[in-house]
Amino acid sequence: MEKRLTRLDLLFALGFLFMLIVAVAAFFYGVKVGSTEAESRNAQASPASAGDSGQQPANAYQLQDLVSFYHTVFLPYREFVTEWQEEKTKWLGDESVDRSASLKELAQTAAGKYEETKIAYVPPVSPLLKDAQNSYLKSLKLYETAFSGQAGKANEGTAALLLDRIGEDAYYKEGLSMGLSAQSLYYDAMIRWAANTDFDITPDPVAATSLGLTQWKALPLVKKNALAARYLQERAVQGLFLPQDLTARIDTFIASGQADKMKLRTVSAIADLLVQTDAVRSGDFLGAKNRFYSKQLLPQLPFFFPGG
């Protein structure tokens with residue numbers, strides 16, 4: 001005969017089943033809580049958060065990213081800018097130059113550099129670099145539109161009148177603005193790299209170009225350069241020189257005692273004088289590097305070193 005279950009056996013079976021259900025429920029609850037916490041940590045370390053709060057993943061703004069950006073994005077754009085600056089000089093030096101053909105060629109160059117820059121890979125983990133790439137692309141497209149639109153009547157009147165018309169062109173002004181904004185973002189990204197390398201350097205950029213000279217002197221070089229880039233952006237100044245060249249001229253001007261003699265108390269006041277008198281040249285940084293910056297931290301980018 002089959003043995004019938006006693007009340008004690010039944011209670012034991014029910015108790016075991018209840019404990020099993022509780023254990024399974026606790027397991028899935030733990031999995032859910034762990035997933036939520038992991039998502040929260042990932043969100044705090046995401047590129048969007050890094051761009052807004054100053055926090056960044058450990059692999060953001062690595063030297064190889066700055067170097068890659070230099071060769072694949074920054075350099076093509078600067079090659080276009082150099083060609084544009086040189087063409088302006090030719091026009092002013094020789095009124096017989098075919099300015100219409102020159103503008104058409106510049107528009108083609110901008111289009112070519114756009115295609116070259118568009119395919120460059122920039123890691124999204126470094127959002128300042130990604131934003132800089134997008135701004136450079138917009139700038140090149142706007143320049144192409146502006147130069148194509150001005151080419152038809154480029155040989156009418158003098159070169160100076162043409163440059164005035166181009167300077168007032170809405171597409172040109174926006175292209176200039178986007179390019180200088182991109183440059184500023186690139187130099188801000190160098191600050192992020194420096195903050196990863198030297199804990200004495202904070203990742204936040206210096207926002208005020210009206211900075212006093214005492215504060216300016218205390219800044220690390222990467223922040224001086226970023227401040228110079230921001231000044232060029234604010235004043236819509238584009239030339240053959242780079243932000244570090246302006247930095248070097250400012251430091252040279254201060255060291256010479258001229259700032260005290262002229263009672264210039266802010267960085268922007270000195271920069272205004274230097275830029276308006278055409279006193280900044282490409283290569284000024286390299287000429288002053290050993291004097292002022294031999295112990296300063298810089299990323300290994302070609303334009304910071306001789307022969308770059």
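Colleague: Hi! What pattern does the protein chain follow, read along the sequence?

Modeller: Along the sequence, the protein chain reads α-α-α-α-α-α-α-α-α-α-α-α-α. That makes 13 helices and zero strands; these are DSSP runs numbered from the N terminus, with helices being H or I of at least four residues and strands E of at least two. This is a predicted model, where local features need pLDDT of at least 70 and side-chain atom pairs count only at pLDDT 80 or more, while totals for chains, interfaces and linings use all residues. Residues are numbered from 1 along each chain as its sequence is written, and side-chain values use heavy atoms, leaving out hydrogens and water.

Colleague: Cool. Which residues are buried in helix α13?

Modeller: In α13 (residues 284-292), they are D284, F285, A288 and K289. Buried means under 20% relative accessible area, exposed over 50%, and partly exposed in between, using a 1.4 Å probe and protein chains only.

Colleague: Why do they line one face of the helix?

Modeller: Seen down the axis of α13, they fall within an arc of 140 degrees, so they share one face. That arc is taken from the directions from the helix axis to the C-beta atoms. On the other side, G287 and N290 are exposed.

Colleague: And what covers the buried residues of α13?

Modeller: The cover includes α9 (221-235) and α10 (243-255), with contact meaning heavy atoms within 4.5 Å.

Colleague: New topic: at what angle do α6 and α7 pack?

Modeller: Helix α6 (residues 159-168) and helix α7 (residues 170-197) pack at about 70 degrees, their axes 5 Å apart. Axes are lines fitted to C-alpha atoms over the stretch in contact, and angles run from 0 to 180 degrees between N-to-C directions. The two helices are therefore roughly perpendicular, a label for 65 to 115 degrees.

Terms used
Angles under 35 degrees count as roughly parallel, over 145 as roughly antiparallel, 65 to 115 as roughly perpendicular and the rest as oblique.
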